[in-house]
Every structure is written in structure tokens, then in C-alpha cells.
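Reader: Please take a close look at one part of this protein for me: the place where its domains meet. I would like the extent of the contact, its chemistry and the elements that build it.

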Amino acid sequence: MPAPFTLAPLPWDEDALAPTISANTISFHYHKHHQTYVNTLNTLVEGTKFADMKLEEIVVATAKGSDPKEKLLFNNSGQVWNHDFYWRSLTPAKTEPSAKLDSAITAAFGSKDELIAKLADAGKTQFGSGWAWLVLKDGKLAIEKTPNAETPMAAGINCLLTVDVWEHAYYLDYQNARPKYLESVLGKILNWEFASENLDKQAVRAATE
Ligand code: MN
């Protein structure tokens, strides 16, 4: 859907991830941070060629822009997309990888525990704000980390899961203890069903191709 963009509904109740992530954190993160990215994006696209583009197309089209206005557009569209993807990467339900994802995990990492350890490491070592990702790259599962609003999706890489490591994602619950936040989230509330569905999807194609 092109502009105006709206804040996508959360896939669960705001208190559903507690105590791993409190309702207070979700409330600020979703209604303040995520909503502000949506509002700013709508202001930025107004009256421009980007107003007729889908969210993914804006992210791809502005990912390499050096123009300051395009950089701002990238930051805000990227953050809207990343947050939509983050909420769906989390669930209070007990989920397991599909058989297909399970074999891909064994092939790439040896075990799900090893995958989680590598994803935690990516999140811990992302200097400053950013994201840790499970992706499908060149036909194989891999872990990536990106700074700020950057997303592997912009490069046509198929994303399976993400974890937000901006301080606003964990500071109210864990203060500066990012490793503790990662340990809790990765061990308890990752949505392996969502990851399994994403494994079956085609990577988002670059709008400019
Ligand atoms: Mn965030």
C-alpha cells in the first residue's frame, strides 16, 4: 500500500510478551517510536514521487541515496519496515521451525542452540543502534547485523527473523544489559513459525530492477 502509511496492528496484546518484554516497553516502542517513524515517513513522501510507492519500494529506492532527503526517507521507511518485521518475529506462543527450516538450521549452524548463540553474538556486537537478523543468503541461512535503519531486505536478501537492539527496545526492562535482553528474547519468544513462512517466500525484489 502506498502513502499514507499506517501503523500496522501488533500481532499480540501489549502485555503478551511479559516478563521477557514488558507492556510498558511495548507501549513506548510501538506507540511512540514506531508511530513516529510512520508519521515522519508520511510527511517526507508528501508531494514526491515516493508517495505512490509501496513501503518496500521506498526502502529499496532510497537505500543507496546520498541526497540528505533520501537518506531521511530511507531511515524512516527502513525503520517502519524493520519494526513491522520485528513484531512478527516475536510471539508468546510456543513455536517450532518447520521440517524444512529445521534441516536448513542443521546444515548452516549444526543446531538451533548454535544459531541462537550466533544471533545473540551479532546483537551484542552491533556497536550502537541496529538490528540482528536471521537471513537466507545465496541459498543458505546466515546471521547478519545492520546499523541504525539498515535492513538486508534492501539488498534483496530474504529475512527470516530480526531482533531490535536499539536501546529503546530494552532499556526500560534491562537498562544497559543488552546481552540479558537478547538471551531472554532469543531463548523464549522468537516466532519460528514466522521464520518458517519466510523461508518459503521469495526475497523482496528491488523495485528498480
Ligand atoms: Mn525499535
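Author: The domain assignment splits the protein in two: domain 1 covers 23-88 and domain 2 covers 99-208. Keep in mind that this is a predicted model. The centres of the two domains, taken over C-alpha atoms, lie 20 Å apart. Domain 1 puts 21 residues into the contact. Domain 2 puts in 27 residues.

Now the extent. The size of an interface is often given as the accessible area lost when the parts come together. Here domain 1 and domain 2 bury about 2,100 Å² between them. Carbon and sulfur atoms account for 70% of that area. On the domain 1 side, three residues lose the most area to domain 2: V60, F85 and Y86. Together they make up 29% of what that side buries.

Next, the polar side of the contact. Between domain 1 and domain 2 there are zero salt bridges. Polar contacts do occur: 11 residue pairs, with both residues at pLDDT 80 or more, link domain 1 and domain 2 in this way.

Which helices supply the domain 1 side? Three of them each give at least two residues: α1 (23-45), α2 (55-62) and α3 (68-89). Of the elements on this side, α3 gives the most, with 10 residues.

Last, the make-up of that side. The domain 1 residues that touch domain 2 comprise nine nonpolar, nine polar and three charged ones. Set beside those three charged residues, the salt-bridge count between domain 1 and domain 2 remains zero.

Conventions: Residues are numbered from 1 along each chain as its sequence is written. This is a predicted model: local features need pLDDT of at least 70, side-chain atom pairs count only at pLDDT 80 or more; totals for chains, interfaces and linings use all residues. Side-chain values use heavy atoms; hydrogens and water are left out. Domain bounds come from an automatic or database domain assignment. Contact means heavy atoms within 4.5 Å. Buried area is the accessible area (1.4 Å probe) that two parts lose on being put together, summed over both. A salt bridge is a side-chain nitrogen of Lys or Arg within 4 Å of a carboxyl oxygen of Asp or Glu. A polar contact is a pair of N or O atoms within 3.5 Å; within protein, one must be able to donate a hydrogen and the other to accept it, and residues adjacent in sequence count only if both atoms are side-chain atoms. Helices (H or I, at least four residues) and strands (E, at least two) are DSSP runs, numbered from the N terminus. Ala, Val, Leu, Ile, Met, Phe, Trp, Tyr, Cys and Pro count as nonpolar, Asp, Glu, Lys and Arg as charged, and the others, Gly among them, as polar.
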